[in-house]
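Trainee: I would like a close look at one part of this model, the largest pocket, and at the parts of the chain around it. Please take me through it in one piece.

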Amino acid sequence: MTHGNSKIVTSNQQGPHDNLEVTVRRHLAHPSRKPFSQHTLDAFVEAKAWIGASQKPLILDACCGTGESTAYIAAQHPDALVIGVDKSLHRLNRHAGDQQNYLLLQADLNDFWRLARQAGWQLAKHYLLYPNPYPKSVHYKRRWHASPAFADIIALGGTLTVRSNWPLYVEEFAAALGVAGIQAQAHPYSADQPMTAFERKYWASGQSAWQLQVDLN
């Protein structure tokens with residue numbers, strides 16, 4: 001199941017992947033050296049120009065989809081600069097907000113996170129809301145916490161919020177953080193107002209959300 005579907009996630013995994021610790025330790029010890037994609041380099045240049053010399057808190061909304069969550073976060077933090085990043089231009093083009101204190105960018109997050117880390121960014125808040133869970137056990141390395149990008153996510157600091165309708169995704173993310181010496185726990189999550197279209201669909205279909213929040217500073 002992909003993150004855009006409201007069906008319940010099914011998986012042949014019953015708990016954190018057996019190879020998770022080995023994979024996380026390898027990625028933490030050996031940063032990615034993959035060449036950057038040009039469109040992400042261009043997007044990062046745009047982001048740096050937009051931030052300029054501002055000293056305002058910086059918030060990153062990763063996997064922002066249509067940018068609905070980015071607009072919500074920006075409204076809740078009017079004194080911050082909020083950047084939403086998604087790989088899909090089609091999704092981003094569906095955004096209808098005014099983008100007063102936020103910027104939406106099409107970029108490969110694997111590259112964007114690494115560029116942000118190399119540039120010395122330190123985030124105030126970092127959101128990872130309903131990423132594709134890749135529920136098949138054989139695809140576990142496609143999950144962010146089992147990818148080379150995990151080290152960059154940690155290095156960017158701030159308060160990290162991870163949310164999914166698949167509790168195992170959040171539990172496994174917490175386990176990966178534990179390998180890095182960071183303690184976090186998955187908890188059920190609910191709110192009066194959904195932040196994303198996925199959240200709205202999941203709740204409308206009777207599904208629960210799960211979340212972890214951790215201060216990476």
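Mentor: What follows starts with the largest pocket, goes on to the helix packed against part of its lining, and ends with the second largest pocket. The model is predicted.

The largest pocket has a volume of about 400 Å³. Its lining is made up of 20 residues, and those closest to the centre are Cys63, Lys87, Asn110, Tyr134 and Trp144. By class, the lining holds nine nonpolar, four polar and seven charged residues. Two elements that each supply at least two of the lining residues are strand E2, residues 81-86, and helix H5, residues 109-118.

E2 and H5 also lead to helix H2, since both are among the elements that cover the buried residues of H2; strand E1 (58-62) and strand E3 (102-106) are included there as well. H2 runs over residues 38-51, and its 14 residues should span 20 Å at 1.5 Å a residue; the end C-alpha atoms are 20 Å apart, so the model agrees with that expectation. The buried residues of H2 are Thr40, Ala43, Phe44, Ala47 and Ile51. These residues cover an arc of only 100° around the axis, and therefore lie on the same side of H2. Gln38, Val45 and Ala49, on the other side of H2, are exposed. After H2 comes glycine 52, with a positive phi near 55°.

Helix H3 contains threonine 70. Is this residue buried or exposed? Threonine 70 counts as buried because its relative accessibility is 0%, and the cut-off for buried is under 20%. Leaving aside residues up to four places away in sequence, threonine 70 touches Asp61, Cys64, Val82, Ile83, Gly84, Tyr102 and Leu104.

One of those contacts, Cys64, brings in the second largest pocket, where Cys64, Gly65, Thr66, Ala197 and Phe198 are the residues nearest the centre. This pocket encloses about 210 Å³ of space and is lined by 16 residues. Helix H3, residues 68-76, and helix H8, residues 197-204, each supply at least two residues of that lining. The lining divides into five nonpolar, six polar and five charged residues.

How values were computed: Residues are numbered from 1 along each chain as its sequence is written. This is a predicted model: local features need pLDDT of at least 70, side-chain atom pairs count only at pLDDT 80 or more; totals for chains, interfaces and linings use all residues. Side-chain values use heavy atoms; hydrogens and water are left out. On a 1 Å grid over the protein atoms alone, a cavity is a set of points where a 1.4 Å probe fits but cannot get out, and a pocket is an open set with protein on both sides within 12 Å along at least five of seven lines; lining residues have an atom within 4 Å of a point. Grid points are joined across faces, edges and corners, and a volume is the space filled by probe spheres set on the points. Helices (H or I, at least four residues) and strands (E, at least two) are DSSP runs, numbered from the N terminus. Ala, Val, Leu, Ile, Met, Phe, Trp, Tyr, Cys and Pro count as nonpolar, Asp, Glu, Lys and Arg as charged, and the others, Gly among them, as polar. The expected span of a helix is 1.5 Å times one less than its number of residues. Buried means under 20% relative accessible area, exposed over 50%, partly exposed in between (1.4 Å probe, protein chains only). The arc is that of the directions from the helix axis to the C-beta atoms. Contact means heavy atoms within 4.5 Å.
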